Structure formats: structure tokens, C-alpha cells
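Okay everyone, thanks for coming. Let's have a look at this one together, and shout if you get lost.

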Amino acid sequence: MQLPDDTLRDVTRRLHRAEGQVRAVSRMLDEGADCRDVLTQLTAATRALQQAGFRILASGLTTCLQQPDRAAESGYDVAEIERLFLKLG
């Protein structure tokens, strides 16, 4: 299923944010930063990745509900979206 342009832009932005946060975690570890600060940054990266996944899933769910025949033809019926949701969570 092709993602709408606005979803693609949003997911890409979130992934870039997570990428920067992961680089920051690595740098912090190299510099011997306090573990609380490292974990805070790592949590932010994890959250950004999770939100990107949820945004993709929400787009798929919207398509599945609005255009069920098209979604099913693409292999994204409601059961598949549910499976992906459980996998993401």
C-alpha cells in the first residue's frame, strides 16, 4: 500500500528525529554522560520510532476502512492491520 504524501513526510520527519537522537545517545555514551540522561534520550528515540510506526499503521487503517476492497486487494484487510497493530505494540 502506498502511503499518502502527508503521511510519508510526517514519518520521514519522525525517522530523522529518531536518527539524530540515536546519534546523540552514541555520543553521550562515548563522552561518559550520566546514565539518566542517556536513558532519557534513548526513550525519546524509541518514542519517535514508535510514533512513526503508529502513523503508518493509522494510514493503513484509514485506507482499510475507507476503501476495503482496495485494501484487501493489496493484502491489507482488517485482520492484517490488526496483526500489524499487535506487532507494533
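Quick bit of vocabulary before we start: when I talk about a helix axis, I mean a line fitted to the C-alpha atoms over the stretch in contact, and angles go from 0 to 180 degrees between N-to-C directions. Also, keep in mind that this is a predicted model.

So, with that in hand, take H2 and H4. Their axes come within 10 Å and cross at roughly 170 degrees. Anything over 145 counts as roughly antiparallel, so that's what we call H2 and H4. Who's touching whom? On the H2 side you've got Gln50, Gly53, Phe54, Leu57, Gly60, Leu61 and Cys64, and they meet Val78, Ile81, Leu84, Phe85 and Leu88 from H4. Sort that contact by class and you get nine nonpolar residues, three polar ones and no charged ones.

Now swing round to H1, which is residues 5-30, against H2, residues 35-66. Here the packing angle is about 160 degrees, and the axes sit 9 Å apart. So H1 is roughly antiparallel to H2. The crossing of these two is left-handed. As for who makes up the H1 and H2 contact, it's 16 nonpolar residues, five polar and five charged.

Let's stay on H2 for a moment. It has 32 residues, and from first C-alpha to last it reaches 46 Å, close to the 46 Å you'd expect at 1.5 Å a residue. Which residues of H2 are buried? That would be Val38, Ala45, Ala48, Ala52, Gly53, Leu57, Ser59, Gly60, Thr63 and Cys64. And what covers them? The cover includes H1, H3 and H4.

Still in H2, find Asp37. Its relative accessible area is 45%, so Asp37 counts as partly exposed. Asp37 and Val25 are twelve residues apart in sequence, and their C-alphas are 8.8 Å apart in space.

One last stop: Asp77. You'll find Asp77 in the loop between H3, residues 68-73, and H4, residues 78-88. Is Asp77 buried or partly exposed? Partly exposed, because its relative accessibility is 37%. If you ignore neighbours within four places in sequence, Asp77 is in contact with Cys64, Ala71 and Ala72. Cys64 has come up before, as one of the buried residues of H2. Gly60 is another of those, and its C-alpha is separated from that of Asp77 by 9.2 Å, with the two residues 17 apart along the chain.

That's my tour, so over to you.

Technical notes
Residues are numbered from 1 along each chain as its sequence is written. This is a predicted model: local features need pLDDT of at least 70, side-chain atom pairs count only at pLDDT 80 or more; totals for chains, interfaces and linings use all residues. Side-chain values use heavy atoms; hydrogens and water are left out. Helices (H or I, at least four residues) and strands (E, at least two) are DSSP runs, numbered from the N terminus. Angles under 35 degrees count as roughly parallel, over 145 as roughly antiparallel, 65 to 115 as roughly perpendicular and the rest as oblique. A crossing is left-handed if the near helix is turned anticlockwise from the far one by less than a right angle, and right-handed if clockwise. Ala, Val, Leu, Ile, Met, Phe, Trp, Tyr, Cys and Pro count as nonpolar, Asp, Glu, Lys and Arg as charged, and the others, Gly among them, as polar. Buried means under 20% relative accessible area, exposed over 50%, partly exposed in between (1.4 Å probe, protein chains only). Contact means heavy atoms within 4.5 Å. The expected span of a helix is 1.5 Å times one less than its number of residues.
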